[in-house]
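Let's walk through this structure together, moving between single residues and the packing of helices. Have the viewer open and follow along.

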Amino acid sequence: MKTITLINGDGIGPEISDAVVRIIEASGLKINWDVQTAGADVIEKEGTPLPERVLNSIKTNKIALKAPVTTPIGKGFRSVNVQLRKELDLYANLRPCKNLPNVKTRFDNVDIVVVRENTEDLYAGIERQVDENTAESIKIITRKASERIAKFAFDYAVKNGRKEVCVVTKANIMKLSDGLFLECFRNIAKDYPQIVTREILVDNLCMQLVQNPSQFDVLVLPNLYGDIVSDLCAGLIGGLGVAQGANIGVDCAVFEPVHGSAPDIKGQNKANPTALLLSAIEMLRYIDEHKYADRIETALFKTLKSGICTGDLGGMASTSDFANAVIKNL
Ligand code: NAI
């Protein structure tokens, strides 16, 4: 039996992880879940929001399913999510955005894969208060990280039958940092003559995405643009409740939805578990459990087609009702 680390998270995390674990169990796949807590709730007992045991569990099991963890804004501890990605060198953040059955959106032909560099850029967290009225944040872009994320995007495109990879920067303004990211992309692209390449500035990309998203295929971006653009793309396919994600490194992979802990709907049995479920389906494919992944995906699509959905998609189902409906359709 495969052992997988499960981080239940906080906010809506425990509700949606419970739903997803029940669905996977009902599919017939036996998984030994190594449940690990992290975030604000463990600070009091263990003195840190990300104890060593969580990292060790993922290093041992190589795979984790993770629900969202709250990060305090302004003051407080450093993001568990950012720290986890950094500590495990999960350098690629993969966020496929594709229309789902019966989820009404402005465009019905969206099929974009966002590949976000996950370890540096302004997320390196190098900030200082210069004086009372000035704060400074440093943007780090390295050749090593830029080349490996470009390579990841091209390899993904080849493996998944994609035609184009588009690099997104603001290299006209940040000539050195974004310029280096672009240069690395161009170098790596030479090894993939079968893939069409495209270059776009991030502001233009945003405008194009809300007008004609179907023109884009695979996007590769530095960390911050990737974070913002992937939320925009989530909006194109029905919102954060349906946007899946994965953080992939050389040794380990952590599958998690794009959304956060949604404190505004915490504990109300209202959250949409679809984003975490789609992330889990990708996780099952990653560990070659294709039969179960397909079975769960078919049941999810059947449920959505039948009109059962949570409030964020205009439906009436609670988190647990929705999970029960998927289980019935397995
Ligand atoms: P959020 O994604 O938690 O919520 C934004 C809006 O989307 C809210 O109105 C929320 O109710 C709704 N929403 C999100 N997920 C939903 C779901 N599954 N079903 C239905 N509605 C859903 O973003 P916000 O409010 O900016 O962040 C809250 C906390 O989450 C912050 O502490 C943030 O740092 C953290 N966060 C954690 C992430 C992670 O663990 N990977 C990722 C993003 C944010």
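A good place to begin is Ile58, which counts as buried because its relative accessibility is 0%. Keep in mind as you look that the model is predicted. Ile58 belongs to helix H3, which covers residues 52-61. Which residues touch Ile58, once its neighbours within four places in sequence are left aside? The partners are Thr5, Ile7, Ile63, Ala64, Leu84, Leu88, Cys252 and Val254. To get a feeling for distances across the model, go from Ile58 to Leu209: the two are 151 residues apart in sequence, and their C-alpha atoms are 35 Å apart in space.

Now zoom out to the whole chain. The protein chain contains 11 helices and 12 strands. Along the principal axes, its C-alpha atoms fill a box of roughly 55 × 45 × 40 Å. The radius of gyration is 20 Å, which agrees with the value near 20 Å for a compact globule because that is what 330 residues would give. Of those 330 residues, 55% are buried. Sequence separation adds to the picture: take the contacts between residues at least 6 apart in sequence, and 72% of them join residues at least 24 apart.

Next come the helix pairs. Two packed helices are described by the angle between their axes and by the distance between those axes. Start with helix H1 (residues 13-26) and helix H11 (residues 319-328), whose axes come within 9 Å and cross at roughly 10°. Angles under 35 degrees count as roughly parallel, and H1 and H11 are therefore roughly parallel to each other. Their crossing is right-handed. On the H1 side the contact uses Glu15, Ile16, Ala19, Arg22, Ile23 and Ala26, while H11 brings Thr319, Ser320, Ala323, Asn324, Val326 and Ile327. Sorted by class, this contact of H1 with H11 has seven nonpolar, three polar and two charged residues.

Stay with H11 and turn to helix H10, residues 290-305. At what angle do H10 and H11 pack? The angle is about 120°, and the axes are 8 Å apart. The crossing of H10 and H11 is right-handed. H10 supplies Ala299, Leu300, Thr303 and Leu304 to the contact, and H11 supplies Phe322, Ala325 and Val326. By class, the contact of H10 with H11 has six nonpolar residues, one polar residue and no charged residues. Val326 is worth selecting in your viewer, since this residue of H11 is listed in the contact with H1 and also in the contact with H10.

The next pair is helix H5 (residues 143-159) with helix H6 (residues 177-189), whose axes come within 8 Å and cross at roughly 45°. That angle is why H5 is called oblique to H6. H5 passes H6 in a right-handed crossing. From H5, the residues in contact are Arg143, Ser146, Glu147, Ile149, Ala150, Lys151 and Phe154; from H6, they are Leu180, Phe181, Glu183, Cys184, Phe185, Asn187, Ile188 and Ala189. By class, the contact of H5 with H6 has nine nonpolar, two polar and four charged residues.

From the helices, let's move to the backbone of two loops. Most residues other than glycine have a negative phi. Asp121, however, has a positive phi, near 70°. Look for Asp121 in the loop between strand S5 (111-117) and strand S6 (127-131). Is Asp121 buried or exposed? Asp121 counts as buried because its relative accessibility is 1%. Asn269 also has a positive phi, about 55°, although it is not a glycine. Asn269 sits in the loop between strand S12 (253-255) and helix H9 (274-286). With a relative accessible area of 31%, Asn269 is partly exposed.

One last stop is Met207, in helix H7, which covers residues 202-211. Met207 has a relative accessible area of 39% and so is partly exposed. From Met207 to Asp155 the separation is 52 residues in sequence and 27 Å in space, C-alpha to C-alpha.

Key. Residues numbered from 1 in each chain as written. Predicted model: local features only at pLDDT ≥ 70, side-chain atom pairs only at ≥ 80, totals over all residues. Heavy atoms only, no water. Axes fitted to C-alpha atoms, helices over the stretch in contact; angles between N-to-C directions. Helix = DSSP H or I, 4+ residues; strand = E, 2+ residues; numbered from the N terminus. Parallel < 35°, antiparallel > 145°, perpendicular 65-115°, else oblique. Left-handed = near helix turned anticlockwise from the far one by under 90°. Contact = heavy atoms within 4.5 Å. Nonpolar A, V, L, I, M, F, W, Y, C, P; charged D, E, K, R; others polar. Rg over C-alpha atoms; globule rule 2.2 N^0.38 Å. Buried < 20%, exposed > 50% of the residue type's maximum accessible area, 1.4 Å probe, protein only.
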